[in-house]
Amino acid sequence: MSKAGALDLASGVGGKIDKTEVLSAVEKYEKYHVCYGGEEEARKSNYTDMVNKYYDLVTSFYEYGWGESFHFAPRWKGESLRESIKRHEHFLALQLGLKPGQKVLDVGCGIGGPLREIARFSLASITGLNNNEYQITRGKELNRIVGVDKTCNFVKADFMKLPFPENSFDAVYAIEATCHAPDAYGCYKEIYRVLKPGQCFAAYEWCMTDAFDTNNQEHQKIKAEIEIGDGLPDIRLTGKCLEALKQAGFEVIWENDLAVDSPQSWYLPLDKSRISFSSFRLTAVGRFITKNMVKALEFVGLAPPGSQRVQDFLEKAAEGLVEGGKREIFTPMYFFLARKPLSESQ
């Protein structure tokens, strides 16, 4: 059901940003990042503006190349990217033990691809939280098309300030989303507040692994490429996420980097040395065609000025992700399942 055509990609670049202001938005976004002299503290203090600009600029590119679910997944041999993504979402639902009718919160839901898949798989009622108006508009349209609009909805809000009463949800999950938070503890504490006692929070987090060396310039370059290409204020170490969870009050049931035991590397869809017909648009040839198509669409005025610049920093991100994966210094699937105690004294 995703937008699939070149004209849809062109018309979607910039999201809710006025098309005449896309280039200016790109320039402002780039200035937040290390590659352009930006500082981590500026990214953290302005994370709402930075992340909103990022998703306005890139959502149509994501949907064009990736589909409705903007995340990675461990892969079995012979499994397509789409199949692995669905299995990854089902795994999360099973870990949370989701049941029909439960009230569930998806923190940082994108355009709602995982929300729709998990809702149909579990029959739970899911609220998608997102701070980007363009993505919510797309999500509502797609919910209506597949028929989950009666049981699933979207709320526009910041996940650092959740607009829900205490003990509102039977389960909470986040898929490669809370990495955008400027402070993991603050984000997890809000999730803890709205989760019912005795219930669970599960997530896939983007993290630097223990193999990451802060004194290694090549490692820092890879980290910076991922940050600019994916709208991140910083990328935390896995241990920092675990520490923040416990500090927020959660009991950690289990945690593991699922990339470690994946039969096929998670970054394969972006690896230029790989050929795939099922996810052709992500291959080197597919990306080359997209790059030149965007250039042509911008030249004739069908895509707004600045579209090529967006494609360029997404390409930089892809290169950083592949290198980070190959060197095992980065993972997009540090998984944890954590429980809110039945009482504060537990």
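Start by selecting helix H8: Ala-184, Gly-186, Cys-187, Tyr-188, Glu-190, Ile-191, Tyr-192 and Val-194 are its buried residues. This is a predicted model, by the way. With 8 of its 11 residues buried, H8 (residues 184-194) is largely enclosed by the rest of the structure. What does the covering? Show strand E1 (103-107), E4, E5, helix H10 (238-248) and E7, which are among the elements over the buried residues of H8. Before leaving, zoom in on the start of H8, where a side-chain oxygen of Asp-183 comes to within 3.3 Å of the backbone nitrogen of Tyr-185.

Next stop, H10. Colour Thr-238, Cys-241, Leu-242, Ala-244, Leu-245 and Ala-248, the buried residues of this helix. Turn the view to look down the axis of H10: those buried residues fall within an arc of 160°, so they line one face of the helix. A helix has 3.6 residues a turn if it is an α-helix, so positions three or four apart point the same way. Now swing round to the face of H10 turned away from its buried side, and you will find Lys-246 and Gln-247, both exposed. The cover over the buried residues of H10 includes H8, E5, strand E6 (251-257) and E7. Step just past the end of H10 to Gly-249, which has a positive phi of about 115°.

While Cys-241 is on screen, add Cys-207. Are these two bonded or not bonded? The sulfur of Cys-207 has its closest cysteine sulfur in Cys-241, but at 3.6 Å that is too far for a bond, since a disulfide needs 2.5 Å or less. Cys-207 is buried, with a relative accessible area of 0%. Searching the whole structure turns up 0 disulfides.

Now for the core. Select Ile-126 and Tyr-173, the residues that touch the most other members of the largest nonpolar core, which has 47 residues. Two or more residues of this core come from each of helix H5 (81-96), helix H6 (113-122), strand E4 (169-175), strand E5 (195-208), helix H9 (217-230), helix H12 (307-326) and strand E7 (330-339). Apart from it lies another core, of 32 residues, including Phe-169, Val-172, Tyr-192 and Phe-336.

Which residues sit around Ile-126? Beyond its neighbours within four places in sequence, Ile-126 is in contact with Val-104, Asp-106, Leu-115, Ile-118, Ala-119, Thr-151, Cys-152, Asn-153 and Tyr-173. One of these, Cys-152, is buried at 4% relative accessibility.

Move on to Phe-169, in strand E4. Phe-169 counts as buried, with 2% relative accessibility. Draw a line from its C-alpha to that of Ile-126: the two are 9.6 Å apart, with their positions 43 residues apart along the chain. Leaving out residues up to four places away in sequence, Phe-169 touches Lys-103, Val-104, Leu-105, Thr-127, Phe-164, Val-194, Leu-195, Lys-196 and Gln-199.

Then click on His-219, in helix H9. His-219 is buried too, at 9% relative accessibility. Its contacts, not counting residues up to four places away in sequence, are Ala-211, Phe-212, Asp-213, Arg-327 and Ile-329.

Finish at helix H2 (residues 22-30). Select Val-22, Ala-25, Val-26, Tyr-29 and Glu-30, which are buried. Viewed down the axis of H2, they keep within an arc of 130°, so they line one face of the helix.

Definitions and conventions:
Residues are numbered from 1 along each chain as its sequence is written. This is a predicted model: local features need pLDDT of at least 70, side-chain atom pairs count only at pLDDT 80 or more; totals for chains, interfaces and linings use all residues. Side-chain values use heavy atoms; hydrogens and water are left out. A nonpolar core is a set of buried Ala, Val, Leu, Ile, Met, Phe, Trp, Tyr and Cys residues joined through side-chain atoms within 4.5 Å. Buried means under 20% relative accessible area, exposed over 50%, partly exposed in between (1.4 Å probe, protein chains only). Helices (H or I, at least four residues) and strands (E, at least two) are DSSP runs, numbered from the N terminus. Contact means heavy atoms within 4.5 Å. A polar contact is a pair of N or O atoms within 3.5 Å; within protein, one must be able to donate a hydrogen and the other to accept it, and residues adjacent in sequence count only if both atoms are side-chain atoms. The arc is that of the directions from the helix axis to the C-beta atoms.
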